[in-house]
Structures are given as structure tokens and as C-alpha cells.
Amino acid sequence: MNDSRASHADAAALLLSGQVMHQRLRPVRHRFVYPVFCVRLNLARMAEAGNAWFGVDRRRLMCVRTRDYGPRDGSDLGTWVRGHLQQAGLPHDGTIWLQTFPRLFGFVFNPVSFFLCHDRDGALRAVLAEVNSTFGETQHYLLSAPQQGVIDEHTRLHCNKLMHVSPFCEVRGFYRFRFRDHAAREGGQGGQDATAFVGIDYYDLGQPAEVSTGLQPLMRTSIGGRLQPLTAASAFAALCAQPLLTLGVVARIHWQALLLWRKRVPWFSKPERNSATGTPSGKETLS
């Protein structure tokens with residue numbers, strides 16, 4: 001194993017520096033791209049992830065609080081995720097990474113965070129997506145491949161949309177996810193060539209089986225960039241580059257909503273949530 005691969009395998013935390021893209025295809029076209037960064041934490045080693053600028057459940061300019069996720073009571077997130085994996089009959093004996101925006105100066109809003117669940121051989125076998133709305137609601141989607149196989153860059157994961165997220169979209173249709181991680185290539189310096197990508201397409205009409213027939217999504221969203229170990233130096237550089245990142249997430253959501261309203265995109269009022277737990281596309285959904 002070369003040094004750059006080893007640096008990622010041995011790291012308790014990683015920093016993902018890149019961009020988020022959002023594109024609406026109808027009834028009008030609307031697209032934006034913003035620079036962002038987020039963190040990936042090995043849930044079994046979060047106590048080792050701290051440094052002068054970053055901490056888990058500690059006062060730092062950049063931090064992650066466990067009570068912001070899952071059961072939101074500060075209990076062990078790894079145990080919580082493994083319980084849901086076991087209940088769904090999925091492998092639950094490997095490393096679990098949480099990819100999320102950190103709190104900066106005490107503030108954060110995460111439109112979506114991902115628990116990336118691997119088996120004991122290191123293969124990605126499930127993803128638990130935690131979606132938050134600006135209305136203060138949360139929905140969990142547990143995603144796995146057909147026949148519970150390995151998830152790679154060619155795998156497409158689907159789940160029905162169950163929560164009102166945007167006033168410009170109805171609560172119907174389905175999401176289509178894809179995940180791609182590329183390890184550092186030979187010759188990379190300190191793992192700087194390692195990359196990660198998550199794509200989410202939202203279809204407001206049709207069924208997942210119709211995608212191959214030319215069914216078009218309403219929106220495309222992605223986040224991707226370069227992975228590197230989350231050290232004091234990389235955390236400080238990220239803070240200096242984007243000190244208002246998390247405030248900017250909320251500000252940009254409302255700014256883009258204003259632009260869509262000016263373009264006369266139809267507006268849908270927030271419906272009452274159905275308290276029943278659904279099972280989208282054969283996958284367990286957690287509420």
C-alpha cells in the first residue's frame with residue numbers, strides 16, 4: 001500500500017473539499033455551483049479525530065456534535081446505525097463513516113448527511129441518508145444495492161420521496177443516488193488525489209424502472225471533491241477559506257428560493273406529514 005492510501009485507511013477523520021451543484025431542469029432551467037467542504041468521521045474512532053481546530057462533542061471553531069444526528073440524544077451513533085443495518089438484514093460488521101457539514105462557530109444546517117456503511121472487507125454495502133428540511137423535520141432513507149450486493153460507482157440506489165423539503169417540489173416521486181470514491185493514485189502526495197462524489201437525482205414522475213427508457217429528472221444535485229486527512233493544518237486552511245460556510249448554506253437556500261419565485265416556478269404548501277413508516281423500492285425507510 002502506498003503512503004497516500006495508507007494515510008486514508010489510518011485516518012480517524014477526513015476532509016472533503018470541493019463543490020456542491022444543483023440544477024433544476026423544468027419548468028425553467030436553474031443551476032448554481034458553490035464551493036463547500038465537509039468532514040468524514042470514522043464512527044468507531046471519533047475520540048481520536050480532534051485537533052486544535054476540530055473536535056467531536058468538544059468546543060472548537062469547527063466541530064461535530066453527536067446529538068445532531070440519528071436519535072439526537074448524544075448516544076453512540078455507531079450502535080444506532082448498526083441496529084438498523086441488522087434489522088434490515090444488511091452487513092453490520094464493518095467501518096461506518098459519517099459524511100456531514102461540521103458546525104462552524106457553533107452553527108450548522110445539513111440538508112443531507114450520509115452514514116457510509118462498509119462490510120468487514122471494506123466494501124460499501126449500505127448508505128443511511130439523513131435528510132433535514134428547513135422546516136425542522138428529518139427523514140432517514142436506508143439504501144442498499146439489489147440482492148444486498150456491493151455498492152460501487154455503477155450502482156444506482158432508489159427510494160421514494162417521503163418528506164417535504166422544498167416549497168417548489170411536491171412530496172411525490174423518488175430519489176436516485178450514486179456514490180463514487182476514488183482512492184489516491186500512485187504518486188499522489190499525502191493522498192491529495194483521492195476523490196469522492198455523491199449524486200442525487202430527483203424524479204417527480206414515473207418509476208425507477210423507467211429511468212432507462214429516457215425518464216428525465218426534475219433536479220440533479222451533487223457534492224464532490226478531494227479527500228485528505230483532517231489534520232490541524234487542513235482544518236485551519238478550510239476555516240480560513242470558508243469561515244461562513246454553514247451560515248452560507250442557509251442563506252443560499254433562501255436566495256435560490258427567491259430566484260425560483262421570481263422565475264414563477266410553482267409553489268407548493270407544506271403538507272401534513274404521514275406518521276406511517278414507508279418502504280421505498282424494497283428498502284427500509286426510517287422515520
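# A tour in seven selections

**Stop 1: Arg252.** Select Arg252 and show what surrounds it. Leaving out residues up to four places away in sequence, Arg252 touches Tyr34 and Pro35. Contact here means heavy atoms within 4.5 Å. Arg252 is found in helix 4, which covers residues 245-262. Arg252 has 28% relative accessibility and counts as partly exposed. The scale runs like this: buried is under 20% relative accessible area, exposed is over 50%, and partly exposed is in between (1.4 Å probe, protein chains only). Now add Phe32 to the selection. Arg252 and Phe32 are 220 residues apart in sequence, yet 9.9 Å apart in space, C-alpha to C-alpha.

A word on the ground rules. This is a predicted model, in which local features need pLDDT of at least 70, side-chain atom pairs count only at pLDDT 80 or more, and totals for chains, interfaces and linings use all residues. Residues are numbered from 1 along each chain as its sequence is written, and side-chain values use heavy atoms, with hydrogens and water left out.

**Stop 2: the whole chain.** Zoom out and switch to a cartoon. The protein chain holds 4 helices and 14 strands. Both are DSSP runs numbered from the N terminus: helices are H or I with at least four residues, strands are E with at least two. Of the 287 residues in the chain, 49% count as buried. Take the contacts between residues at least 6 apart in sequence: 60% of them join residues at least 24 apart. Turn on the surface. The chain exposes about 13900 Å², and carbon and sulfur atoms supply 52% of that. These areas come from the Shrake-Rupley method with a 1.4 Å probe; for residues, only the protein chains shown count as cover.

**Stop 3: the loop before helix 4.** Select Gln242. It lies in the loop between helix 3 (232-241) and helix 4 (245-262). Is Gln242 buried or exposed? It is buried, with a relative accessible area of 17%. Beyond residues up to four places away in sequence, Gln242 touches Pro35, Val36, Phe37 and Leu104. Pro35 also featured at the first stop, as a contact of Arg252. Draw a distance from Gln242 to Leu104: the C-alpha atoms are separated by 9.7 Å, with their positions 138 residues apart along the chain.

**Stop 4: the core.** Nonpolar side chains tend to be buried together in soluble globular proteins. Here, select Phe54, Phe115, Phe177 and Phe179. Of the 67 residues in the largest nonpolar core, these four touch the most other members. Such a core is a set of buried Ala, Val, Leu, Ile, Met, Phe, Trp, Tyr and Cys residues joined through side-chain atoms within 4.5 Å. Strand 8 (residues 124-132) gives the most to this core, with 6 residues. Center on Phe177. Among its contacts more than four places away in sequence are Phe114, Ala129, Leu143, Leu157, Cys159 and Ile200. Cys159 is itself buried, at 1% relative accessible area.

**Stop 5: strand 11.** Select Arg180, found in strand 11 (residues 174-182). Arg180 counts as partly exposed, at 32% relative accessibility. Setting aside residues up to four places away in sequence, Arg180 touches Glu153, Thr195, Ala196 and Phe197.

**Stop 6: helix 2.** Select residues 77-87. Which residues of helix 2 are buried? They are Leu77, Gly78, Trp80, Val81, His84 and Leu85. These residues lie on the same side of helix 2, because they cover an arc of only 165 degrees around the axis. The arc is that of the directions from the helix axis to the C-beta atoms. Rotate to the other side of helix 2: Thr79, Gln86 and Gln87 are exposed there. Now look at the ends. Asp76 caps the N-terminal end, with a side-chain oxygen 3.3 Å from the backbone nitrogen of Gly78. Gly89 follows the helix, with a positive phi near 75 degrees.

**Stop 7: Thr100.** Finish in strand 5 (residues 96-100), where Thr100 lies. Thr100 is buried, with a relative accessible area of 1%. Show its polar contacts (N or O pairs within 3.5 Å; within protein, one must be able to donate a hydrogen and the other to accept it, and residues adjacent in sequence count only if both atoms are side-chain atoms). One, of 2.7 Å, joins the side chains of Thr100 and Tyr69. Another, of 3.0 Å, joins the side chains of Thr100 and Asn110. Cys38 is also in contact with Thr100, and Cys38 is buried at 3% relative accessible area. How many disulfides does the structure hold? It holds 0, a disulfide being a pair of cysteine sulfur atoms within 2.5 Å.
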